[in-house]
Amino acid sequence: MKTIVIASNNAHKAEEIATALAFPGWEFRTLRELGLDSDPAEDADSFEGNARIKAQAARAASGGKAVLADDSGLAVDALDGAPGVYSARYAGEDATDADNNAKLLEALADVPDEERTGRFVCTLVFIDEDGAETVAHGTVEGRIGREERGAHGFGYDPLFLPDVFDDGRTLAEALPEEKNAVSHRGNALRELRAKLAPSGR
């Protein structure tokens, strides 16, 4: 059995990754499940840079196991790409999802609906036991709503209206399988799976 360390303790994220990359003989474990401590400073200026920082730190903490890290966030056009790499801490280092969503709504309060465009972005960095690195990217385009709706998902999902939904639902109003089929992380995972599959890993 090949163990892949997920450089995260987010249960939602871990489940999505394990479902998308269900290669025979692979098992996925979060840092917490393996009793590992890895919390590097994510100080890169890009999603790929931060994902690589997390992947390299998790690889070091696990003694060289295969690792998978992601960095993702929301880029809003009217805010010049913010919150971007600061998405998780948009309202401060200890911000909750509710804090971040409230700050985003405040920042966009005077922006008309047609200009509330943006996208979720995800970059994945996979480093195998031999140190080989594979990078994948995914996005989903949409608009920022004016109120939180939906009980599924996390982060900015209750505010994000994906263009691929023609019924006006937010990502948080979609069932998990519907979200995974269109989400930025789902798209990045599909790209990563396609890149890894031909190698026989």
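Contact here means heavy atoms within 4.5 Å. The model is predicted: local features need pLDDT of at least 70, side-chain atom pairs count only at pLDDT 80 or more, and totals for chains, interfaces and linings use all residues. Residues are numbered from 1 along each chain as its sequence is written, and side-chain values use heavy atoms, with hydrogens and water left out.

**R185**

R185 sits in helix α5. Helices (H or I, at least four residues) and strands (E, at least two) are DSSP runs, numbered from the N terminus. R185 is buried, because its relative accessibility is 3%. Buried means under 20% relative accessible area, exposed over 50%, and partly exposed in between (1.4 Å probe, protein chains only). Leaving aside neighbours within four places in sequence, R185 is in contact with K13, E16, D70, S72, C122 and F154. With D70, the R185 side chain makes a side-chain polar contact of 3.2 Å. A polar contact is a pair of N or O atoms within 3.5 Å; within protein, one must be able to donate a hydrogen and the other to accept it, and residues adjacent in sequence count only if both atoms are side-chain atoms.

**D71**

Strand β3 holds D71. UniProt, in an unreviewed entry, lists D71 for "active site". The feature "binding site" is also placed at D71 by UniProt, again in an unreviewed entry. UniProt positions are given in the numbering used here, feature names are shortened, and annotations may be inferred rather than shown by experiment.

Is D71 buried or exposed? D71 counts as buried because its relative accessible area is 6%. Beyond neighbours within four places in sequence, D71 is in contact with E42, S46, F47, N50, A51, K54, V121, C122 and T123. One of these, N50, joins D71 through a side-chain polar contact of 3.4 Å.

**R169 and L21**

R169 lies in the loop between β6 (160-162) and α4. Not counting residues up to four places away in sequence, R169 touches R149, F160, L161, P162, A174 and E178. The R169 side chain makes polar contacts with the side chains of D167 (2.8 Å) and E178 (3.1 Å). R169 and G150 are 19 residues apart in sequence, and their C-alpha atoms are 8.4 Å apart.

L21 is in the loop between α1 and β2 (26-30). L21 counts as buried because its relative accessibility is 0%. Outside the neighbours within four places in sequence, L21 is in contact with W26, F28, L68, L189, L192 and R193. L21 and E93 are 72 residues apart along the chain, with 31 Å between their C-alpha atoms.

**Pockets**

The pocket search uses a 1 Å grid over the protein atoms alone. A pocket is an open set of points where a 1.4 Å probe fits, with protein on both sides within 12 Å along at least five of seven lines; lining residues have an atom within 4 Å of a point. Grid points are joined across faces, edges and corners, and a volume is the space filled by probe spheres set on the points.

The largest pocket holds about 1100 Å³ of space. Its lining has 36 residues, and N10, K13, E42, K54 and A88 are the closest to its centre. α2 (47-61), β3 (66-76), α3 (97-107) and α5 (184-196) each give two or more residues to this lining. β3 gives the largest share, five residues.

The second largest pocket holds about 270 Å³. Its lining is H12, E15, E16, T19, H152, G153, F154, A174, L175, P176, K179 and N180. α1 (11-20) and α4 (176-182) each supply at least two of these residues. The largest share, four residues, comes from α1.

The table gives the linings by class. Ala, Val, Leu, Ile, Met, Phe, Trp, Tyr, Cys and Pro count as nonpolar, Asp, Glu, Lys and Arg as charged, and the others, Gly among them, as polar.

| Pocket | Nonpolar | Polar | Charged |
|---|---|---|---|
| Largest pocket | twelve residues | ten residues | 14 residues |
| Second largest pocket | four residues | five residues | three residues |
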